[in-house]
Amino acid sequence: MYCILVTGIPAAGKSTIAEVMSERLKLPVISKDSIKELLFDNVGFQSRAEKVNLGIAGMEIMYYVAGQLMKAGQPFILENNFEYSSEHGMKNLLEKYRYSAMTITLTGDYKVIYQRFLERESSPDRHRGHVVNDCYPEKKENHIKTPKAKTLSCEDFIHGIEKRGFDAFYVGSRQIKVDTTDFSKINMEELFSQIAAWKEEVLGVLQQM
(Lines give C-alpha, C1' and ligand atoms only; values in the text may rest on other atoms or scores of the structure.)
Protein backbone atom coordinates (compact mmCIF):
# COMPACT_ATOMS: atom_id res chain seq x y z
CA MET A 1 0.00 0.00 0.00
CA TYR A 2 1.05 3.64 -0.10
CA CYS A 3 1.06 6.94 1.75
CA ILE A 4 1.80 10.51 0.70
CA LEU A 5 3.91 12.89 2.79
CA VAL A 6 3.25 16.61 2.42
CA THR A 7 6.19 18.51 3.86
CA GLY A 8 8.34 21.59 3.26
CA ILE A 9 9.33 24.92 4.74
CA PRO A 10 7.23 26.86 7.29
CA ALA A 11 4.34 28.85 5.80
CA ALA A 12 4.72 27.18 2.40
CA GLY A 13 1.08 26.06 2.45
CA LYS A 14 1.35 22.46 3.64
CA SER A 15 -2.00 22.37 5.44
CA THR A 16 -3.80 23.98 2.50
CA ILE A 17 -2.29 21.65 -0.10
CA ALA A 18 -2.87 18.58 2.09
CA GLU A 19 -6.55 19.43 2.52
CA VAL A 20 -7.00 19.97 -1.24
CA MET A 21 -5.34 16.61 -1.87
CA SER A 22 -7.45 14.93 0.78
CA GLU A 23 -10.67 16.12 -0.83
CA ARG A 24 -9.57 15.20 -4.34
CA LEU A 25 -8.02 11.82 -3.51
CA LYS A 26 -10.52 10.89 -0.77
CA LEU A 27 -7.75 10.17 1.71
CA PRO A 28 -7.55 11.03 5.43
CA VAL A 29 -4.94 13.58 6.54
CA ILE A 30 -2.90 13.10 9.69
CA SER A 31 -1.50 16.51 10.63
CA LYS A 32 1.07 16.94 13.39
CA ASP A 33 0.04 20.58 13.89
CA SER A 34 -3.60 19.57 14.39
CA ILE A 35 -2.53 17.01 16.98
CA LYS A 36 -0.39 19.64 18.72
CA GLU A 37 -3.32 22.05 18.84
CA LEU A 38 -5.40 19.43 20.66
CA LEU A 39 -2.54 18.96 23.13
CA PHE A 40 -2.15 22.72 23.57
CA ASP A 41 -5.86 23.11 24.32
CA ASN A 42 -6.26 20.07 26.56
CA VAL A 43 -2.85 19.85 28.27
CA GLY A 44 -1.25 23.26 27.78
CA PHE A 45 2.28 24.32 28.66
CA GLN A 46 3.94 26.62 31.16
CA SER A 47 7.40 26.88 29.58
CA ARG A 48 9.29 26.47 26.35
CA ALA A 49 10.51 23.05 27.55
CA GLU A 50 6.93 21.86 28.14
CA LYS A 51 5.93 23.10 24.69
CA VAL A 52 8.81 21.16 23.12
CA ASN A 53 7.68 18.03 24.97
CA LEU A 54 4.17 18.43 23.56
CA GLY A 55 5.72 18.70 20.11
CA ILE A 56 7.57 15.42 20.68
CA ALA A 57 4.35 13.82 21.93
CA GLY A 58 2.54 15.11 18.83
CA MET A 59 5.12 13.44 16.61
CA GLU A 60 4.78 10.13 18.46
CA ILE A 61 0.98 10.26 18.20
CA MET A 62 1.26 10.98 14.48
CA TYR A 63 3.55 7.96 14.04
CA TYR A 64 1.19 5.80 16.09
CA VAL A 65 -1.86 6.73 13.98
CA ALA A 66 0.14 6.24 10.77
CA GLY A 67 1.23 2.82 12.01
CA GLN A 68 -2.36 1.82 12.75
CA LEU A 69 -3.47 2.83 9.25
CA MET A 70 -0.54 0.93 7.77
CA LYS A 71 -1.42 -2.13 9.84
CA ALA A 72 -4.91 -1.97 8.35
CA GLY A 73 -3.52 -1.50 4.82
CA GLN A 74 -5.08 1.93 4.29
CA PRO A 75 -3.66 4.76 2.14
CA PHE A 76 -3.39 8.18 3.77
CA ILE A 77 -1.68 11.59 3.79
CA LEU A 78 0.81 12.73 6.44
CA GLU A 79 1.26 16.50 6.78
CA ASN A 80 4.19 17.82 8.78
CA ASN A 81 7.36 19.89 8.48
CA PHE A 82 9.54 16.80 8.29
CA GLU A 83 13.27 17.38 8.69
CA TYR A 84 16.53 15.44 8.64
CA SER A 85 15.90 14.04 12.12
CA SER A 86 12.53 12.61 10.97
CA GLU A 87 14.09 10.31 8.39
CA HIS A 88 14.81 7.40 10.74
CA GLY A 89 11.30 7.23 12.19
CA MET A 90 9.55 7.40 8.82
CA LYS A 91 11.84 4.84 7.18
CA ASN A 92 11.24 2.43 10.06
CA LEU A 93 7.47 2.68 9.58
CA LEU A 94 7.66 2.22 5.82
CA GLU A 95 9.94 -0.80 6.14
CA LYS A 96 7.94 -2.41 8.95
CA TYR A 97 4.67 -2.28 7.03
CA ARG A 98 6.17 -2.51 3.52
CA TYR A 99 4.58 0.76 2.43
CA SER A 100 5.52 2.83 -0.58
CA ALA A 101 5.71 6.59 -0.05
CA MET A 102 5.70 9.72 -2.14
CA THR A 103 7.11 12.91 -0.64
CA ILE A 104 5.61 16.18 -1.85
CA THR A 105 7.93 18.98 -0.78
CA LEU A 106 6.71 22.58 -0.73
CA THR A 107 9.37 25.24 -1.14
CA GLY A 108 9.97 28.50 -2.96
CA ASP A 109 11.59 31.91 -2.58
CA TYR A 110 12.63 31.97 1.07
CA LYS A 111 12.27 35.73 1.45
CA VAL A 112 8.80 35.81 -0.07
CA ILE A 113 7.61 32.91 2.07
CA TYR A 114 9.18 34.55 5.12
CA GLN A 115 6.78 37.48 4.64
CA ARG A 116 3.94 34.97 4.50
CA PHE A 117 5.32 33.45 7.71
CA LEU A 118 5.16 36.85 9.44
CA GLU A 119 1.58 37.40 8.27
CA ARG A 120 0.57 33.95 9.50
CA GLU A 121 2.13 34.49 12.94
CA SER A 122 0.22 37.75 13.40
CA SER A 123 -3.07 36.43 12.04
CA PRO A 124 -5.94 36.06 14.54
CA ASP A 125 -6.70 32.74 12.84
CA ARG A 126 -3.32 31.26 13.86
CA HIS A 127 -3.59 29.05 16.92
CA ARG A 128 -1.86 30.94 19.73
CA GLY A 129 -0.22 27.76 20.98
CA HIS A 130 1.99 27.79 17.88
CA VAL A 131 2.90 31.47 18.32
CA VAL A 132 3.75 31.81 22.03
CA ASN A 133 6.52 29.81 23.67
CA ASP A 134 6.20 30.42 27.41
CA CYS A 135 2.57 29.85 28.39
CA TYR A 136 -0.62 28.53 26.81
CA PRO A 137 -3.47 28.99 27.48
CA GLU A 138 -2.28 32.53 28.08
CA LYS A 139 -3.04 34.23 31.36
CA LYS A 140 -4.96 37.45 30.93
CA GLU A 141 -5.16 39.68 33.97
CA ASN A 142 -7.84 42.34 34.04
CA HIS A 143 -7.71 44.26 30.75
CA ILE A 144 -4.00 43.85 30.06
CA LYS A 145 -3.53 43.10 26.40
CA THR A 146 -1.78 39.84 25.57
CA PRO A 147 1.78 40.74 24.55
CA LYS A 148 2.76 40.13 20.97
CA ALA A 149 4.95 37.08 20.58
CA LYS A 150 8.47 37.52 19.28
CA THR A 151 9.20 36.11 15.86
CA LEU A 152 12.22 34.99 13.86
CA SER A 153 14.38 37.27 11.78
CA CYS A 154 14.59 36.48 8.07
CA GLU A 155 18.17 35.29 8.57
CA ASP A 156 17.18 32.87 11.34
CA PHE A 157 14.19 31.69 9.29
CA ILE A 158 16.43 30.77 6.36
CA HIS A 159 19.13 29.31 8.61
CA GLY A 160 16.56 27.02 10.23
CA ILE A 161 15.35 25.76 6.85
CA GLU A 162 18.86 24.94 5.69
CA LYS A 163 20.09 23.45 8.96
CA ARG A 164 17.05 21.25 9.58
CA GLY A 165 16.48 20.29 5.95
CA PHE A 166 12.82 21.26 5.70
CA ASP A 167 12.86 21.24 1.89
CA ALA A 168 15.61 18.63 1.50
CA PHE A 169 13.96 15.79 3.43
CA TYR A 170 12.29 12.99 1.55
CA VAL A 171 11.63 9.28 1.94
CA GLY A 172 10.05 6.74 -0.36
CA SER A 173 10.30 6.06 -4.05
CA ARG A 174 9.36 9.48 -5.40
CA GLN A 175 9.72 13.16 -4.53
CA ILE A 176 7.88 16.04 -6.14
CA LYS A 177 8.97 19.58 -5.33
CA VAL A 178 6.28 22.26 -5.61
CA ASP A 179 7.15 25.95 -5.74
CA THR A 180 4.55 27.77 -3.66
CA THR A 181 6.03 31.27 -3.93
CA ASP A 182 2.92 32.20 -5.91
CA PHE A 183 -0.07 29.93 -5.27
CA SER A 184 -1.76 31.11 -8.46
CA LYS A 185 1.01 29.50 -10.52
CA ILE A 186 0.72 26.03 -8.99
CA ASN A 187 -0.53 23.49 -11.51
CA MET A 188 -2.58 21.21 -9.28
CA GLU A 189 -3.85 19.14 -12.20
CA GLU A 190 -0.28 18.32 -13.17
CA LEU A 191 0.46 17.38 -9.57
CA PHE A 192 -2.57 15.08 -9.40
CA SER A 193 -1.55 13.54 -12.72
CA GLN A 194 1.90 12.70 -11.33
CA ILE A 195 0.36 11.26 -8.16
CA ALA A 196 -2.04 9.11 -10.20
CA ALA A 197 0.78 7.73 -12.37
CA TRP A 198 2.88 6.91 -9.30
CA LYS A 199 -0.08 5.30 -7.51
CA GLU A 200 -0.86 3.15 -10.54
CA GLU A 201 2.75 2.01 -10.63
CA VAL A 202 2.74 1.15 -6.90
CA LEU A 203 -0.55 -0.74 -7.06
CA GLY A 204 0.60 -2.56 -10.20
CA VAL A 205 3.67 -3.85 -8.36
CA LEU A 206 1.49 -5.00 -5.45
CA GLN A 207 -0.77 -6.96 -7.79
CA GLN A 208 2.23 -8.83 -9.17
CA MET A 209 3.42 -9.88 -5.72
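**Asking why, from helices to strands**

Trainee: Why are helix 2 and helix 3 called oblique to each other?

Mentor: This is a predicted model, and in it the axes of helix 2 (residues 32–42) and helix 3 cross at roughly 130°. An angle over 145 degrees would count as roughly antiparallel, and 65 to 115 as roughly perpendicular. Roughly 130° fits neither range, so helix 2 and helix 3 are oblique to each other.

Trainee: Which residues of helix 2 and helix 3 make the contact?

Mentor: The axes come within 9 Å. On the helix 2 side the contact is made by Lys32, Ile35, Lys36, Leu39 and Phe40. Helix 3 contributes Lys51, Leu54, Gly55, Ala57, Gly58, Met59, Ile61 and Met62. The crossing of these two helices is right-handed.

Trainee: What makes helix 3 and helix 4 roughly parallel?

Mentor: Helix 3 and helix 4 (residues 87–97) pack at an angle of about 15°, with axes 10 Å apart. The cut-off for roughly parallel is under 35 degrees, and about 15° is under it, so helix 3 and helix 4 are roughly parallel to each other. Tyr63, Ala66, Gly67, Met70 and Lys71 of helix 3 meet Gly89, Met90, Leu93, Leu94 and Tyr97 of helix 4. Helix 3 passes helix 4 in a right-handed crossing.

Trainee: Now the sheet. Why do strand 2 and strand 5 count as edges?

Mentor: The sheet is open and has five strands in the order 2-3-1-4-5, with parallel pairing. Strand 2 (29–31) and strand 5 (174–179) each have a single partner strand, so one side of each is left without a neighbour in the sheet. From one strand to the next, the twist averages 20°. Helix 3 (residues 48–71) packs on this sheet, where it touches strand 1, strand 2 and strand 3 (76–79). The direction of helix 3 makes about 165° with that of strand 3.

Trainee: How do you know that strand 1 and strand 4 pair?

Mentor: Pairing asks for at least two bridges. Strand 1 (residues 2–8) and strand 4 (residues 100–107) have seven, in the parallel sense, so that condition is met. Leu5 stands opposite Thr103 of strand 4, and Val6 has Ile104 as its bridge partner there.

Trainee: How many bridges join strand 1 to strand 3, and how many does strand 3 have with strand 2?

Mentor: Strand 1 and strand 3 run parallel and are joined by four bridges; one position to look at is Val6, which stands opposite Glu79. Strand 2 and strand 3 pair in the parallel sense over three bridges, and there Ile30 has Leu78 as its bridge partner. In general, strands of a sheet pair through backbone hydrogen bonds, either parallel or antiparallel.

Trainee: What makes strand 1 a mostly covered strand?

Mentor: Seven of its seven residues are buried. Tyr2, Ile4, Val6 and Gly8 lie on one side, while Cys3, Leu5 and Thr7 lie on the other. Strand 3 has both faces covered too, with Phe76 and Leu78 buried on one side and Ile77 and Glu79 on the other.

Trainee: Why are Cys3 and Cys135 called buried?

Mentor: Buried means under 20% relative accessible area. Cys3 has 0% and Cys135 has 14%. Both values fall under the cut-off, so both cysteines are buried. A search of the whole structure finds zero disulfides.

Trainee: Why does Asp41 count as partly exposed?

Mentor: Asp41, found in helix 2, has 44% relative accessibility. Exposed would need over 50%, and buried under 20%, so Asp41 is partly exposed. Beyond residues up to four places away in sequence, Asp41 touches His127 and Tyr136. Asp41 and His127 are 86 residues apart in sequence, and 9.8 Å apart in space from C-alpha to C-alpha.

Trainee: Thr180 sits in the loop between strand 5 and helix 8 (188–208). Is Thr180 buried or exposed, and how do you know?

Mentor: Its relative accessibility is 0%, which is under 20%, so Thr180 counts as buried. Leaving aside neighbours within four places in sequence, Thr180 is in contact with Ala12, Leu106, Thr107, Ile113, Arg116 and Ile186.

Technical notes
Residues are numbered from 1 along each chain as its sequence is written. This is a predicted model: local features need pLDDT of at least 70, side-chain atom pairs count only at pLDDT 80 or more; totals for chains, interfaces and linings use all residues. Side-chain values use heavy atoms; hydrogens and water are left out. Axes are lines fitted to C-alpha atoms, for helices over the stretch in contact, and angles run from 0 to 180 degrees between N-to-C directions. Contact means heavy atoms within 4.5 Å. A disulfide is a pair of cysteine sulfur atoms within 2.5 Å. Buried means under 20% relative accessible area, exposed over 50%, partly exposed in between (1.4 Å probe, protein chains only). A crossing is left-handed if the near helix is turned anticlockwise from the far one by less than a right angle, and right-handed if clockwise.
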